[in-house]
Amino acid sequence: MTALELISAIVAVICAGLLSVAVVLRRRLADARAEAEQLRELVRSRLERPHVFSHEVRTPLTLIQGAAELLADEAPGPLNERQREFVTTIGSNAGRVIGLAEDMLTEARLDSPLFNMHVERIDLRQLVRTTVRDARRVHRVPIRMNNTGAPLVLHGDRQLIGQALWNLVNNSCRHAGADATITVSATRGEGEGILAVSDDGGGMTADERRELFTPFVRSAESGGSGLGMMITERIIEQHRGRLLVDSIPGRGTTVFVTLPLDALHPWRESVAAVDAPELSRTLP
């Protein structure tokens, strides 16, 4: 065999080997793509379940709650005392289940491997006004607001922060007692916005404070699931904030939330890069 024939034979063997490797790699790539698609479908189906549940629960209950509010306002006609009690029971329990559906949906979103913040500019004072307005529609407990001053602007997920604030106000209204007064305030701290939801109700014992963020512990006594406070804490942590509880038995409870006003967090460096010039002009 001449040198040229030997080289040709070696080249042929190498080409055959490369072709065999290419075929194997192509087959493995196709298998990997198929597996990735199966995983995407699995994740997508798991994400859709809480959305379907939430929609199927919230839609009819929202209609029921709306009808109960119309009856409570005596729009169709006057109610006697017994009828008014029934309407109040219907409205309050519908609201509880709607809140539970919202909490379960948020928990599923936070636990999702595809979870991502929908970051935008938020004025905490506007969020407080909206939350208090909505809470006054569904609760008879007096709700006061201490929310004057310049806008408190941060970057965060509006839906999540709004739900966290709603959970705090709703929890206070439900557990403070019928004779209590709720106060919701927003103030400026050292580079942070401070939200406080306080009541002058019965307060909490040491055991109740320890169980405050444990789901399904308080349900037997209070009628709540306890899921909302756990989710609220997770939402605040996602925004690099803090949640503190101060409660004295017989004196009342105050829940403080602090959120950084610069809010250009490491998890959204791309937002900071895009919005930095705008922020330098708009942030107080």
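This passage walks through a five-stranded sheet, the helices around it and the core they share. The model is a predicted one, and residue numbers run from 1 along the chain.

The sheet comes first. Its five strands line up in the order S2-S4-S5-S7-S6, the sheet is open, and the pairing is mixed. At the edges sit S2 (143–146) and S6 (242–248); each has a single partner strand, so one side of each goes without a neighbour in the sheet. On average, neighbouring strands here are turned by 15° against each other, if direction is ignored.

Strand S7 (residues 252–260) is a good place to look more closely. On one side it runs antiparallel to S6, and seven bridges join the two. With S5, S7 again pairs in the antiparallel sense, this time over eight bridges. Threonine 254 shows up in both pairings: it stands opposite aspartate 246, and it is also the bridge partner of serine 198. S7 is mostly covered, with eight of its nine residues buried. The hairpin of S6 and S7 has three residues between the strands, and glycine 250 takes a positive phi near 85° there.

Two helices can be placed against these strands. Helix H3 (residues 124–138) packs on the sheet and touches S2, S4 (182–188), S5 (192–199) and S7. The direction of H3 makes about 170° with that of S2. Helix H7 (residues 227–238), for its part, lies across S6 and S7 and runs at about 140° to S6.

Next comes helix H4, which covers residues 158–175. How far apart should the ends of its 18 residues be? At 1.5 Å a residue the expected span is 26 Å, and the end C-alpha atoms are indeed 26 Å apart, so the two values agree. At the start of H4, a side-chain oxygen of aspartate 157 comes to within 3.1 Å of the backbone nitrogen of glutamine 159. Just after the helix, glycine 177 takes a positive phi of about 115°. H4 is mostly covered too, with 13 of its 18 residues buried.

Serine 172 belongs to H4. Is this serine buried or exposed? Its relative accessibility is 6%, and the cut-off for buried is under 20%, so serine 172 counts as buried. Leaving out residues up to four places away in sequence, serine 172 touches Ile182, Val197, Ser198 and Asp199. Seen from the other end, isoleucine 182 has contacts that include Ser172, Cys173 and Ala176, along with Val141, Pro142 and Ile143. Val197, Ser198 and Asp199 are also among the contacts of isoleucine 182.

That isoleucine turns up again in the core. The largest nonpolar core holds 41 residues, and Ile182 and Val184 are those with the most contacts inside it. Strand S1 (119–123), H3, H4, S4, S5, H7, S6 and S7 are the elements that give two or more residues to this core. H4 gives the most, with seven residues. In soluble globular proteins, nonpolar side chains tend to be buried together.

Definitions and conventions. Predicted model: local features only at pLDDT ≥ 70, side-chain atom pairs only at ≥ 80, totals over all residues. Heavy atoms only, no water. Helix = DSSP H or I, 4+ residues; strand = E, 2+ residues; numbered from the N terminus. Expected span 1.5 Å × (residues − 1). Buried < 20%, exposed > 50% of the residue type's maximum accessible area, 1.4 Å probe, protein only. Polar contact = N/O pair within 3.5 Å; in protein donor to acceptor, adjacent residues only side chain to side chain. Pairing = 2+ DSSP bridges. Axes fitted to C-alpha atoms, helices over the stretch in contact; angles between N-to-C directions. Contact = heavy atoms within 4.5 Å. Core = buried A, V, L, I, M, F, W, Y, C linked by side-chain atoms within 4.5 Å.
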